[in-house]
Amino acid sequence: MSPYPHLFAPITLGPLTLPHRIVMGSMHTGLEEACDRDRLAAFYAERATGGAALMITGGMAPNREGGVFPGAAGLFTRADIDDHRRVTDAVHAAGGRIAMQILHAGRYAYGKDCVAPSALRAPIAPFMPQALDAAGIEKQIADIATAAQRAREAGYDGVEVMGSEGYLLNQFLAARTNRRDDEWGGDAARRMRLPVEVVRRVRAAIGPEMLLIYRISLIDLVPEGQSWPEIVELARRVETAGADVLNSGIGWHEARVPTIATSVPRAGFAWVTRKLMGEVGVPLIASNRINTPEVAEAVLAGGCADMVSMARPFLADSEFVAKARAGRGREIAPCIACNQACLDHTFAGKVASCLVNPRAGHETDLTYTPAARPRRIAVVGAGPGGMMAAITAARRGHDVTLFERADAPGGQLDMARRIPGKEEFAGLMDWFEGELARTGVTLRTGTTPDPAMLAPFDEIVIATGVRPRDPDLPGQDGANVLRYTDVLRGGAAAGARVAIIGAGGIGFDVAAFLAENGPSPTLDAVAWRREWGVTDPETARAGLAADGPAPAPPARAITLMQRRADKPGRGLGKTTGWIHRLGLRMKGVRMLGGVTYERIAPEGVHIIRDGTAELIAADTVVLCTGQEPARELADALIAAGHTPHVIGGADRAAELDAQRAIDAGARLAARL
Ligand code: NAP
Ligand code: SF4
């Protein structure tokens with residue numbers, strides 16, 4: 001019997017019967033605009049081959065004004081329809097089904113022609129939208145219906161109407177953004193009219209044989225968002241208008257509550273979908289931070305939903321479904337919800353990929369073919385880059401030995417997993433360790449090889465990583481000074497007042513680690529909701545607690561400093577940096593930029609800021625001043641006449657993160 005009986009029970013959605021309960025949720029890959037439909041087709045086909053039965057595309061604009069950014073993909077011409085046909089044909093040939101999401105961004109559209117129910121600029125957008133008049137509203141409805149009709153011509157199995165996350169339809173639904181007083185606004189019934197009319201017209205356009213999914217915002221998480229009775233009423237009207245299934249949308253993009261980041265508890269919003277169970281006749285899909293078959297099974301077994309949507313986990317592993325079905329769940333490469341290579345890439349205008357799986361989005365240009373001539377390969381350093389190189393080379397048929405100085409593999413991942421809110425890194429370490437064993441890599445821990453030991457190998461890969469940078473500050477050898485490695489890995493105790501020197505990713509991590517006063521809220525959904533001010537939308541409009549966020553008191557008083565004059569944390573991930581900054585602010589962490597360090601003394605750190613001398617009183621000072629390459633072995637090998645491949649931090653420490661290290665390991669091993 002399957003370990004996931006609920007997950008692998010068939011289900012009928014309108015005209016489709018699916019073999020399991022997993023939907024691959026909508027993700028923008030960046031390939032949609034790259035005019036490289038074959039690459040996009042390969043992306044989806046690989047996932048259909050891996051068992052994804054129903055996939056939803058990234059959001060397609062119904063017209064130019066509704067595109068998330070200028071040039072956003074859509075179905076505007078005959079040529080577009082033929083292009084999309086290449087994707088749908090590839091998916092069908094692989095045995096899958098695919099629905100096209102229609103996304104009208106409304107006031108979130110990055111363009112001066114953006115439109116909205118009312119002329120109110122979004123806090124996260126630079127453009128003031130134009131308030132739609134009656135004719136303008138009719139045009140938007142007609143364009144959405146036309147896009148649905150074209151999706152049918154392009155061979156899609158269904159469409160998803162995007163009605164959540166604060167996009168146009170959601171903007172009509174909430175008093176926050178809909179200040180009209182006509183037939184499209186003024187009270188809840190009139191605010192609902194546009195989404196309901198859109199669903200009705202889309203159904204009329206596609207006929208009864210195509211699947212119609214409506215993505216409904218179940219908890220807006222913004223002031224003046226929808227009330228729970230309004231959401232239930234909308235769900236019923238949308239069902240009557242022709243939706244076959246309702247997919248859960250959680251929070252607007254402008255909400256100040258994290259909804260998909262790694263610090264959000266797993267399945268942390270499934271309880272909201274559960275509230276709607278029984279209120280409508282169509283199946284419901286739960287979403288957000290569902291990343292393993294176990295979590296998905298628990299959501300279904302707990303009666304939270306009829307199906308689960310997972311998006312990023314299909315970037316991390318295209319064979320998610322096939323592995324789960326075969327009882328090989330432990331082999332699934334885990335999505336750690338870091339956003340680093342997917343959403344952060346999308347926001348930077350790059351093709352989305354995955355930190356854990358660099359092949360995502362690169363199915364046609366990064367391939368792991370069997371090695372023409374298997375060789376003996378030594379990899380030195382079992383951090384993420386070294387482990388990825390070793391696994392990939394071994395999968396290709398090479399005989400790989402992985403050397404690690406420490407007693408266990410993991411490298412920097414071993415520190416990341418200790419940070420509150422980064423517990424997913426532990427799962428990634430487990431997966432790496434499992435893959436080392438499954439691919440037959442010989443792991444030699446507690447070993448520091450020298451050039452003579454490495455000489456017999458055909459190829460040598462140096463992935464020795466980084467060491468903390470020595471900032472050479474007066475007083476840094478004092479008894480009150482620790483390095484971040486002492487704190488995160490060595491378990492060194494810090495005092496009641498802490499000064500952190502260096503406000504990069506690690507400085508932020510150390511501050512979060514030292515501020516937490518108990519178990520991580522990520523592992524306690526109730527504590528997490530209290531911390532971020534999330535509550536039952538039935539008791540408070542939009543699910544925002546009346547008293548706001550109520551974080552647990554910090555464990556200590558912390559000051560985080562950098563020399564650069566800009567605000568600390570500017571360089572953190574595009575889609576997650578605000579969460580780290582806000583999280584520390586909620587813990588009372590003082591963040592200072594433009595600091596000159598004079599000296600460290602037993603009483604704290606003497607600095608100059610704005611031309612004024614200041615003492616940052618501290619019992620403990622932690623150095624988080626970046627890293628330098630650990631490349632002695634590489635240099636010794638080169639001096640001895642070898643030509644090692646140097647990757648990751650050992651090659652270049654600046655801006656090193658697990659994503660770059662893993663990518664370098666995979667790409668090198670694909671070539672060896
Ligand atoms: P980093 O991002 O380069 O930050 C180093 C910090 O030390 C900066 O604040 C820098 O600021 C300061 N610094 C550098 N040289 C110094 C010196 N000689 N004296 C005093 N201060 C000095 O390095 P990291 O924090 O070690 O992070 C390493 C990598 O991991 C980065 O790529 C980072 O993005 C990634 N990472 C990211 C996250 C995350 O996104 N949450 C978490 C962990 C790690 P000033 O020069 O202005 O003083
Ligand atoms: Fe998940 Fe991170 Fe990969 Fe995105 S980059 S799919 S969040 S593991």
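**A walk through the predicted model**

Val-487 lies in helix H17, and in this predicted model that residue is a convenient place to begin. With a relative accessibility of 1%, Val-487 counts as buried, because the word applies to any residue under 20%. Once its neighbours within four places in sequence are left aside, Val-487 is in contact with Leu-482, Ala-492, Phe-513, Leu-514 and Val-622. Leu-623 is 136 residues away from Val-487 in sequence, yet the C-alpha atoms of the two are 9.9 Å apart in space.

A setting of another kind is found at Arg-200, whose place is in helix H6, spanning residues 193–206. Arg-200 has a relative accessibility of 44% and counts as partly exposed. Between the C-alpha atoms of Arg-200 and Leu-211, which are 11 residues apart along the chain, the separation is 13 Å.

From here the path leads to helix H20, made up of residues 577–586, where 7 of the 10 residues are buried, so that the helix is largely enclosed by the rest of the structure. The buried residues of H20 are Gly-577, Trp-578, Ile-579, Leu-582, Gly-583, Leu-584 and Met-586. Their cover includes helix H18 (505–515), H19, E20 and strand E21 (590–592). Just after H20 comes Gly-588, which takes a positive phi of about 75 degrees.

The charged side chains offer another way of reading the model, since the structure holds 49 salt bridges. One of these joins the side chains of Glu-538 and Lys-275, with a distance of 2.4 Å from N to O. Glu-538 lies in the loop between helix H19 (525–532) and strand E20 (557–561), while Lys-275 belongs to helix H8 (residues 270–276), and the pair therefore ties together parts that are 263 residues apart in sequence. The two partners can also be described by their accessibility: Glu-538 counts as exposed at 51%, whereas Lys-275 is buried, with a relative accessible area of 19%.

A further salt bridge is formed where the side chains of Arg-489 and Asp-414 meet, at 3.7 Å from N to O. Because Arg-489 lies in the loop between helix H17 (484–488) and strand E19 (497–501) and Asp-414 in helix H14 (residues 413–416), this pair ties together parts that are 75 residues apart in sequence. Arg-489 counts as partly exposed at 36% relative accessibility, and Asp-414 is buried, with a relative accessible area of 15%.

The side chains of Asp-187 and Arg-190 likewise meet in a salt bridge, with 3.3 Å between N and O. Here Asp-187 is partly exposed, with a relative accessible area of 32%, and Arg-190 also counts as partly exposed, at 28%. Elsewhere, Arg-37, Asp-38, Asp-83 and Arg-86 are linked in a network of salt bridges.

The last stop is ligand 2, and the space that this ligand takes is the largest cavity. The residues that surround ligand 2 are Arg-312, Leu-315, Cys-335, Ile-336, Ala-337, Cys-338, Asn-339, Ala-341, Cys-342, Cys-354, Leu-355 and Val-356. When this shell is sorted by class, 10 of its residues are nonpolar, 1 is polar and 1 is charged.

How values were computed. Residues are numbered from 1 along each chain as its sequence is written. Chains are lettered from A and ligands numbered from 1 in the order in which they are written. This is a predicted model: local features need pLDDT of at least 70, side-chain atom pairs count only at pLDDT 80 or more; totals for chains, interfaces and linings use all residues. Side-chain values use heavy atoms; hydrogens and water are left out. A salt bridge is a side-chain nitrogen of Lys or Arg within 4 Å of a carboxyl oxygen of Asp or Glu. Buried means under 20% relative accessible area, exposed over 50%, partly exposed in between (1.4 Å probe, protein chains only). Helices (H or I, at least four residues) and strands (E, at least two) are DSSP runs, numbered from the N terminus. A residue is near a molecule or strand if one of its heavy atoms lies within 4 Å of it. On a 1 Å grid over the protein atoms alone, a cavity is a set of points where a 1.4 Å probe fits but cannot get out, and a pocket is an open set with protein on both sides within 12 Å along at least five of seven lines; lining residues have an atom within 4 Å of a point. A molecule sits in a cavity or pocket if more than half of its atoms lie within 2 Å of its grid points. Ala, Val, Leu, Ile, Met, Phe, Trp, Tyr, Cys and Pro count as nonpolar, Asp, Glu, Lys and Arg as charged, and the others, Gly among them, as polar. Contact means heavy atoms within 4.5 Å.
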